[in-house]
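Below are some questions and answers for a reader new to this structure. Each answer works through the reasoning and ends on what was asked.

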Amino acid sequence: MTRASNTQGGSVTLSKKGLPAWLDPVVHAAETVQPPQLSRFLPPANGTGRQSAVLILFGEGDRGPELLLMERASSLRSHAGQPSFPGGALDPEDGDPHGDGPLRAALREAEEETGLDPSGVQLFGVLPKLYIPVSGFVVTPVLGWWREPTPVGVVDPGETARVFTVPVADLTNPGNRVTTVHPSGHHGPGFLVESALVWGFTAGVIDRLLHFAGWELPWDREKQVPLDWRS
């Protein structure tokens, strides 16, 4: 069982021991999904791109399974006001970007952004590395089980507007699902949950997770929401 109490140089490992049964489909998806099944944007073959990681943290709330998200501050230069997973670029002290560096970075960033106590998180899997062309980030999605929940909230208002959880039931609800349309013409999945529109990279990962975990319900892909030009 993972006890990542020391995110700076301590042992951070993956463990599936003792996970709730409802996470089994997510574990299976993480073990079998191939990069092109997650996104058409994959890391450059020449190895360029800034290594980063996000924490996809599953917890158990009043309405069952839920995910931890945060909304970026509207004053930020990139992805302002956009809901996202906690995460960010790897620091040198996180370690090997091709080893456990992304695990440590995901926990460190989640702690810095939400006040999360990493010792209560059990990391159980990683998804293939993905690419965000607009920022040049190579992102490792790290999957975690919130075994021992702790209070979370905004740590730095200059970086984060709010921290919230979303029931998986709301993410799978067909009434909350939309197709977002970027001014560039790009179409992508979106979720209208918790007074927010989740779109972009975060929505894409959630969409694929729901699909490959077998949780996706039929929804109206013709229901479109245009994204503001400033996005």
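Q: Where does Ser195 lie?
A: The model is a predicted one. In it, Ser195 is placed in the loop between β10 and β11. Glu194 has its place there too, in the loop between β10 (187-193) and β11 (196-198).

Q: Is Ser195 buried or exposed?
A: A residue counts as exposed when its relative accessible area is over 50%. Ser195 has a relative accessible area of 81%, so Ser195 is exposed.

Q: What is the relative accessibility of Glu194?
A: Values between the cut-offs of 20% and 50% make a residue partly exposed. Glu194 counts as partly exposed, because its relative accessibility is 34%.

Q: What is phi of Glu194 near, and what is phi of Ser195 near?
A: Most residues other than glycine have a negative phi. Glu194 is a residue other than glycine with a positive value, near 50°. Ser195 also has a positive value without being glycine, and its phi is near 60°.

Q: Which strand runs parallel to β1 and is joined to it by bridges?
A: β1 pairs with β4 in the antiparallel sense over 3 bridges. With β2, 4 bridges are found, and those two strands run antiparallel. The parallel pairing has 9 bridges, and the strand it joins to β1 is β7.

Q: Which residue in β7 is the bridge partner of Gln51?
A: β1 and β7 are joined by 9 bridges and run parallel. In β7, the partner of Gln51 is Val138.

Q: Through how many residues does a hairpin join β1 to β2?
A: β1 and β2 run antiparallel, with 4 bridges. One opposite pair is Gly59 and Glu66, the latter in β2. The hairpin that joins β1 to β2 passes through 2 residues.

Q: How far apart in space are Ala53 and Gly88, C-alpha to C-alpha?
A: Ala53 has its place in strand β1, and Gly88 in β4 stands opposite Ala53. In sequence the two are 35 residues apart, but in space their C-alpha atoms are apart by 5.7 Å.

Q: Why does Ala53 count as buried?
A: Ala53 touches residues from other parts of the sequence, including Pro86, Leu90, Pro102, Ala106, Val139 and Val142. Buried means a relative accessible area under 20%. Ala53 counts as buried because its relative accessibility is 1%.

Q: How many residues of β1 are buried?
A: Ala53, at 1% relative accessibility, counts as buried, and its place is in β1. The strand is mostly covered, and of its 12 residues the number buried is 9.

Q: Which element gives the largest share of the largest nonpolar core?
A: In soluble globular proteins, nonpolar side chains tend to be buried together. The largest nonpolar core here has 34 residues, and Ile56, Phe58, Phe124, Leu127 and Leu143 have the most contacts inside it. Its largest share, 5 residues, comes from α5.

Q: How many residues are in the other core, which has Leu57 and Leu123 among them?
A: Ile56, in the 34-residue core, touches Leu67, Phe85, Val205 and Leu209, among others. Apart from that core lies another, with Leu57, Ala105, Leu116 and Leu123 among its members, and its size is 18 residues.

Q: Which residues of helix α1 are buried, and why are they on the same side?
A: An α-helix has 3.6 residues a turn, so residues three or four places apart point the same way. What covers the buried residues of α1 includes β1 (50-61), β5 (121-126), β7 (137-146) and α5 (200-212). In α1 (residues 24-32) the buried residues are Val26, Val27, Ala29 and Ala30. They are on the same side of α1 because the arc they cover around the axis is only 160°.

Q: How many of the 14 residues of α3 are buried?
A: The buried residues of α3 pack against β1, β2 (64-72), β4 (87-89), β5, β7 and β8 (160-167). Among them are Leu103, Arg104, Leu107 and Glu109. The helix is mostly covered, and of its 14 residues the number buried is 12.

Q: Which side chains are joined to Arg108 by a polar contact?
A: Arg108 is found in helix α3 (residues 101-114). Its relative accessible area is 4%, so Arg108 is buried. One polar contact, of 3.3 Å, joins its side chain to that of Asp91. Another, of 2.8 Å, joins the side chain of Arg108 to that of Asp94.

Key
Residues numbered from 1 in each chain as written. Predicted model: local features only at pLDDT ≥ 70, side-chain atom pairs only at ≥ 80, totals over all residues. Heavy atoms only, no water. Buried < 20%, exposed > 50% of the residue type's maximum accessible area, 1.4 Å probe, protein only. Arc of directions from axis to C-beta. Contact = heavy atoms within 4.5 Å. Core = buried A, V, L, I, M, F, W, Y, C linked by side-chain atoms within 4.5 Å. Polar contact = N/O pair within 3.5 Å; in protein donor to acceptor, adjacent residues only side chain to side chain. Pairing = 2+ DSSP bridges.
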